[in-house]
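Here are my notes on the model, set out as numbered points. Please read them with the structure open.

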Amino acid sequence: MSDTVKRQLRIAFIHPDLGIGGAERLIVDAALGLQKLGHSVHIYTSHHDPDHCFDETRDGTLTVYAVCSSIPRSVKGKFHILLSHARQLHLTAHIIRAGPSYDVYFIDQLSTCIPLLRMLAHKRVVFYCHFPDKLLADGAYVEGGNNKRGGILKRIYRFPMDWLEELTTRQADLILANSKFTSRVFKTHFSSISAVPEVVYPGINLSAYEVASYDASDPDIKQIASNRPTLLSLNRFEKKKNTALAIQAFARLRKNIATTPHLTNMRLVIAGGYDPRLEDNMMTLVSLIDCAKANSLPYTILKPSSSPVTVPPFNTGTPQSPAVVFLLNFTTSQRSFLLSSTSTLALLYTPENEHFGIGPVEGMVCGLPVLACDSGGPTESIVDAPPEEKTGWLRKPDPDVWASALLEIVEMAPEERKALASRAKTRARDKFGMEAMAGGIEDALFRAVDMGPVQLSPWWSIMFALLAALLALYLALLL
């Protein structure tokens with residue numbers, strides 16, 4: 001490897017929608033890490049909204065090419081995955097036709113383009129699996145459970161989509177996964193793929209979480225700053241994130257601390273990406289507001305001054321001291337402030353069977369106690385026992401159980417909290433730093449390039465014909 005380390009690779013990332021989310025954060029941090037190692041990185045996407053994205057993709061730190069098309073995201077709320085395939089084929093056609101030459105491609109989320117890149121661009125491809133899409137289509141995944149949901153028509157619609165996903169993923173030269181959990185699930189449900197995905201944990205840019213990474217005079221910081229004890233939840237406004245668990249547990253906790261003077265004014269801040277184009281985002285916000293109302297929790301809705309998103313016209317009553325704050329599309333500075341503020345007592349991470357979950361790592365790197373569900377990726381990032389190694393709490397997703405854990409967290413002695421913070425920071429830096437992730441991805445990219453020229457076989461002709469048919473269908477739809 002000593003000879004290959006000296007090489008500088010020209011790398012193209014292909015990602016469907018470069019918005020605000022965990023997968024997008026990984027792409028951004030992976031690109032930053034590889035650039036820091038001396039490589040040239042270009043990111044291609046079918047959608048990039050400068051008003052709804054991470055700063056590094058907007059301010060010139062990263063080179064982003066947004067290749068838009070007239071293909072809709074859905075038709076009357078249906079056919080999301082079919083149209084996603086069509087948009088990626090449109091993006092791939094542009095890259096092959098008009099893009100510069102690259103040494104290797106790094107793909108995530110959608111695998112549709114892999115055979116075309118290998119056949120027409122004659123380059124190796126590394127695929128990063130966040131989680132199989134065939135399992136995301138049926139709602140929350142439960143390992144070992146019955147995950148087949150929906151009627152016969154949906155299953156008929158999904159069958160060719162799921163087949164295509166497995167077929168095209170199998171063409172990747174190397175496959176990576178974000179956790180042992182995802183790798184295990186991948187092997188269980190992609191039986192025709194012999195390769196076992198290698199685990200490269202998502203890493204974070206540690207400097208972005210330093211206390212000095214925000215300006216206290218920033219109006220957006222003043223908007224959310226408070227000396228009130230704060231519990232924090234960071235997640236996109238999606239149903240599968242199960243954020244209602246945080247509200248329900250918080251409501252029960254408030255009853256338990258009603259006689260504790262320094263905790264009675266506690267608040268819950270729920271911050272996350274919100275895209276009004278997505279029905280799931282809108283309906284999730286509505287359901288969370290209903291949950292707050294049902295638990296008699298006054299709330300307010302905030303957004304950064306730079307966000308063009310219109311705050312939904314809910315009657316918040318503009319409470320002076322809201323128990324719940326919904327923060328839509330937080331800025332990097334707001335995130336840094338909330339995670340590092342001395343008034344923030346814990347990070348609540350609510351998704352079940354999360355594929356990895358960068359949230360717990362963000363909390364740990366800032367020394368925050370993290371409470372998460374006892375399934376999926378968080379069981380690999382958080383240490384719950386023994387006490388001398390503890391960095392957080394793993395509990396079943398039950399509001400009463402979570403309220404009990406939160407009471408334990410908010411009543412921690414200062415010395416105990418300081419010791420836990422030290423352990424959490426050390427684990428986050430050693431295991432989930434951006435350097436470790438970039439090094440793992442770089443190694444995979446080098447190994448892919450070192451496989452040499454792509455050797456085509458008759459099987460490729462069949463594959464190309466199938467994808468060409470899909471592309472023809474897409475063109476017919478356009479015309």
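1. Terms first. Strands (E, at least two residues) and helices (H or I, at least four) are DSSP runs, numbered from the N terminus. Two strands pair if DSSP finds at least two bridges between them.

2. Basis. This is a predicted model, with local features needing pLDDT of at least 70 and side-chain atom pairs counted only at pLDDT 80 or more, while totals for chains, interfaces and linings use all residues. Residues are numbered from 1 along each chain as its sequence is written, and side-chain values use heavy atoms, with hydrogens and water left out.

3. Confidence. pLDDT is the predictor's confidence in each residue, from 0 to 100. The chain has a mean of 88, and 89% of its residues reach 70 or more. Residues 1-5 fall below 50; beyond near neighbours in sequence, this stretch has 5 contacts (heavy atoms within 4.5 Å) in the model.

4. One open sheet has 7 strands with parallel pairing, in the order E3-E2-E1-E4-E5-E6-E7. Its edges are E3 (63-66) and E7 (198-199), each paired on one side only. Inside it, E4 (residues 104-108) and E5 (residues 124-129) run parallel, joined by 5 bridges. Ile107 stands opposite Phe127 in E5.

5. Helix H2 (residues 80-98) lies across E1 (10-17), E2 (40-47) and E4, at about 140° to E2. Such angles run from 0 to 180 degrees between N-to-C directions, with axes fitted to C-alpha atoms, for helices over the stretch in contact.

6. Another open sheet of 7 strands, also parallel, has the order E10-E11-E9-E8-E12-E13-E14. E10 (299-302) and E14 (392-395) are the edge strands. The twist averages 20° from one strand to the next. E10 pairs with E11 (residues 324-328) in the parallel sense over 4 bridges, and Thr300 has Val325 as its bridge partner in E11.

7. Helix H13 (residues 399-410) lies across E8 (230-234), E12 (344-349), E13 (370-373) and E14. H13 runs at about 170° to E14.

8. Cores. A nonpolar core is a set of buried (under 20% relative accessible area, 1.4 Å probe, protein chains only) Ala, Val, Leu, Ile, Met, Phe, Trp, Tyr and Cys residues joined through side-chain atoms within 4.5 Å. The largest has 41 residues; Leu231, Met266 and Phe326 touch the most other members. Helix H8 (244-256) gives the most, with 7 residues. A second, separate core of 35 residues includes Leu234, Leu327, Phe337 and Phe432.

Note on methods
Buried means under 20% relative accessible area, exposed over 50%, partly exposed in between (1.4 Å probe, protein chains only).
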